[in-house]
Amino acid sequence: MGKQENSAALGKFAEAVSTGNFDLFREAVAAECVDHDPAPGQGPGPEGYRTFFSTMRKAFPDMAVGLETMVADDDSVAFAYTMTGTHQGALMGIAPTGKKMKIRGVQISKFRDGKMVERWGSSDQLGMLQQLGVTQLPKG
């Protein structure tokens with residue numbers, strides 16, 4: 001597999017995130033995929049991404065992710081993105097605020113046989129919480 005196949009798999013991942021068609025995660029993510037920076041409570045593989053992005057889309061139904069830049073080689077794809085959305089559902093115990101957020105992030109993904117097998121990522125979670133007006137998380 002090469003750059004084009006890896007970019008196509010990442011495209012399926014992005015489509016799943018953007019449209020809510022989370023079945024596409026099974027086509028783009030290997031069952032044994034290791035996420036080195038998982039969200040709290042995120043399980044492994046395609047189902048872990050389904051769970052995480054289901055939560056995000058409930059919290060931000062108008063969530064949009066825009067690609068800023070991308071580089072790829074025969075094994076990996078790295079990209080920077082901007083995510084936007086309006087907080088209309090519960091997130092990490094935080095009641096909907098109706099506030100808009102706009103954050104940036106980066107992700108590096110490694111691929112094998114046309115599927116993501118490893119992922120590293122970072123996004124501006126503090127910036128998101130500040131934009132939502134949250135100074136401290138509820139005690140749970």
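How many bridges join strand β3 to β4, and in which sense do the two strands run? In this predicted model, strand β3, which covers residues 76–86, is joined to β4 by 11 bridges, and the two strands run antiparallel.

## Overall architecture

The secondary structure of the protein consists of 4 helices and 5 strands. Read from the N terminus, these elements follow the order α-α-β-α-β-β-β-β-α, with a helix at the start and a helix at the end of the series.

The C-alpha trace extends over about 45 × 25 × 25 Å along its principal axes. The radius of gyration is 15 Å, which agrees with the value near 14 Å that a compact globule would have with 140 residues. Of these 140 residues, 40% count as buried, while the accessible surface of the protein amounts to about 7700 Å², with 53% of that area belonging to carbon and sulfur atoms. Where contacts link residues at least 6 apart in sequence, 55% of them join residues at least 24 apart.

## The sheet

The 5 strands form an open sheet whose order is β1-β5-β4-β3-β2, and the pairing within this sheet is mixed. Its edge strands are β1 and β2 (64–72), each of which pairs on one side only. From one strand to the next, the twist averages 25°.

The parallel component of this pairing includes strand β1 (residues 29–35) and strand β5 (residues 115–123), which pair over 3 bridges; within this pair, Val 34 has Glu 118 of β5 as its bridge partner. On the antiparallel side, strand β4 (residues 100–112) is joined to β5 by 8 bridges, and Gly 105 finds its bridge partner in Ser 123 of β5. In the pairing of β3 with β4, Met 83 has Ile 103 of β4 as its bridge partner.

The connection between β4 and β5 is a hairpin with 2 residues between the strands, and Asp 113 in the turn has a positive phi of about 55°.

## Helix packing

Helix α1 (residues 3–19) packs against helix α3 (residues 45–59) at an angle of about 35°, and their axes lie 9 Å apart. On the α1 side, the residues in contact are Phe 13, Val 17, Ser 18 and Thr 19, and these meet Tyr 49, Phe 53 and Arg 57 in α3. The residues of this contact divide into 4 nonpolar, 2 polar and 1 charged.

Helix α3 is also placed against the sheet: α3 lies across β1, β3 and β5, and runs at about 75° to β1. Helix α3 therefore has contacts both with α1 and with strands of the sheet, where contact is taken as heavy atoms within 4.5 Å.

## A residue of helix α1

Is Ala 8, a residue of helix α1, buried, partly exposed or exposed? Ala 8 has a relative accessible area of 45% and is therefore partly exposed, because that class lies between the buried limit of under 20% and the exposed limit of over 50%.

The C-alpha atom of Ala 8 is separated by 9.5 Å from that of Lys 115, although the two residues are 107 residues apart along the chain. Ala 8 belongs to helix α1, whereas residue 115 is where strand β5 begins, and the pair thus relates a position in that helix to a position in the sheet.

Technical notes:
Residues numbered from 1 in each chain as written. Predicted model: local features only at pLDDT ≥ 70, side-chain atom pairs only at ≥ 80, totals over all residues. Heavy atoms only, no water. Axes fitted to C-alpha atoms, helices over the stretch in contact; angles between N-to-C directions. Nonpolar A, V, L, I, M, F, W, Y, C, P; charged D, E, K, R; others polar. Pairing = 2+ DSSP bridges. Rg over C-alpha atoms; globule rule 2.2 N^0.38 Å. Buried < 20%, exposed > 50% of the residue type's maximum accessible area, 1.4 Å probe, protein only. Areas by Shrake-Rupley, 256 points an atom, 1.4 Å probe, with all protein chains shown as cover.
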